[in-house]
Amino acid sequence: MRVRLNNISKEFDGTAVVKNLCLSIEDGEFMALLGPSGCGKTTTLLMIAGIYSPSAGTIEFDGRIVNRLPAKDRHVGMVFQSYALYPHMTVYENLIFPLVIQKKPKVEMRREAMRMAEMLGLTDVLDRKPSMLSGGQQQRVALGRALIKKPRLLLFDEPLSNLDARLRITMRAEIKRLQRELGITTIYVTHDQTEALTMADRIAVMRDGVLEAVGPAELLHEHPPTLFIAEFIGHPPMNLLDVVLEDHEGQLCARLGSLLLEVPRWRSPQRFASRVKMGIRPLHVTLVRHGGYPATVYLIEPQGNQDVIICEMEGTRISLVTTPGHNLAMGDTVHIEFQMDNVYFFDAESGKSLL
Ligand SMILES: Nc1ncnc2c1ncn2[C@@H]1O[C@H](COP(=O)(O)OP(=O)(O)O)[C@@H](O)[C@H]1O
Ligand SMILES: [Mg+2]
């Protein structure tokens, strides 16, 4: 099913928390709604589900406006962070609950519950109460309960936040696989960029109730259209440095304190801005033995397969990643180089990319 949000807004007591949101989700697509806490993700999802009605704008399912369609008639399956299972019911009873509401025949309920249990690995725990299940199993029951209705649209709201790190990775993969197999259009709300990057076909990034950008993960990562996206997507986060752009006999240079960095022509800003931020990912700052610019090691964060080294230089902190085994310690002097082929420039005032 195709979903379209046309200029939707939501106000609570006169305060707009979602503002003029326009977004199209294709049939079978996995769309992540990514943004920091409080930016309006849940509110947006609840409008799509029919639990909230928009203050303005329209919502379309397959070209039909559904603003007035009650939640129960929208054929939507929802999975929340709190699994919202019925504690006094068994797994089996929880699974079939949506079909009981729909007054489906007993045989069909049983058949569908068994199919769900099989698919989600719950066959052995059908008689248990939710309190006797692990977090991962509870979340699978919640997923099964959403799927048993054969929804045309699946909505997830931070479904993995209550799980430990290891289980989150497993469930992430399971949800993605299942979504691919079933081909159900999915909208997945998360504040976790890793979930959005690893699972979704496209990511819609929200900020303060406004859609900041939408695109495939790779595009947002490689060509961040704004400072916010540059900072929010990618790990470790991009370095964003205050620079002054200067022309030196036809060669564009970025001045960072007393340093002068040559900007390759194809990375030169296309527009003028009075205040400029230069972005460079930690991966593109390198430690060198000879040459480069001196910096002081401020902190070392080992991450197993790589170390993040935070340096201080010209009064600014700059992160870089390197392989472990460097023998560096806090306070050491290092020499660093910027791979200027990989820099970004942003208008510090508007936040817009200058490339
Ligand atoms: N029912 C409500 N009444 C009043 N304000 C609300 C209500 N629901 C959400 N908000 C406010 O709207 C903003 C966005 O909330 P929400 O959509 O839950 O954000 P997110 O899911 O991105 O964390 C927050 O400032 C929140 O306090
Ligand atoms: Mg939320």
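Which residue of β13 does Arg255 stand opposite? It is Leu260. I'll come back to that pair. One caution before we go on: this is a predicted model.

Let's take the ligand site. Ten names to look for around ligand 1: Phe12, Val17, Gly35, Ser37, Gly38, Cys39, Gly40, Lys41, Thr42 and Thr43. Where does the largest share of that shell come from? Helix α1, residues 41-49, supplies three residues. Now sort the shell by class. Six residues are polar, three are nonpolar and one is charged.

Next, helix α5. It runs over residues 165-182, so to speak, 18 residues in total. From first C-alpha to last, α5 reaches 26 Å. That is close to the 26 Å expected at 1.5 Å a residue.

Which residues of α5 are buried? Arg168, Ile175 and Gln179. These three cover an arc of only 30 degrees around the axis, which puts them on the same side of α5. Turn to the other side. There, Arg166, Thr170, Ala173, Arg177 and Glu181 are exposed. Note that arginine appears in both lists: Arg168 is buried, while Arg166 and Arg177 are exposed.

What do the buried residues of α5 pack against? Two strands and a helix: β3 at 30-34, β8 at 185-190, and α6 at 193-199. After α5 comes Gly183. Its phi is positive, near 65 degrees.

Now back to the strands. β12 covers residues 251-256, and β13 covers 259-262. How do the two pair? In the antiparallel sense, over four bridges. That is where Arg255 stands opposite Leu260. Together β12 and β13 form a hairpin, with two residues between them. Gly257 sits in the turn. Like Gly183, which has a positive phi near 65 degrees, Gly257 has a positive phi, about 60 degrees here.

Last stop: Leu256, in β12. Buried or exposed? Leu256 counts as buried, because it has 20 C-beta neighbours inside 10 Å, and the cut-off for buried is 20 or more. Which residues does Leu256 touch, leaving aside neighbours within four places in sequence? The contacts are Leu241, Val243, Leu261 and Glu314. Of these, Leu261 falls within the range of β13, residues 259-262.

One distance to finish. Pro302 is 46 residues from Leu256 along the chain. Their C-alpha atoms are separated by 28 Å.

Methods: Residues numbered from 1 in each chain as written. Chains lettered and ligands numbered in written order. Predicted model: local features only at pLDDT ≥ 70, side-chain atom pairs only at ≥ 80, totals over all residues. Near = placed C-beta within 6 Å. Nonpolar A, V, L, I, M, F, W, Y, C, P; charged D, E, K, R; others polar. Expected span 1.5 Å × (residues − 1). Buried ≥ 20, exposed ≤ 12 C-beta atoms within 10 Å, placed from the backbone. Arc of directions from axis to C-beta. Contact = placed C-beta atoms within 7 Å. Pairing = 2+ DSSP bridges.
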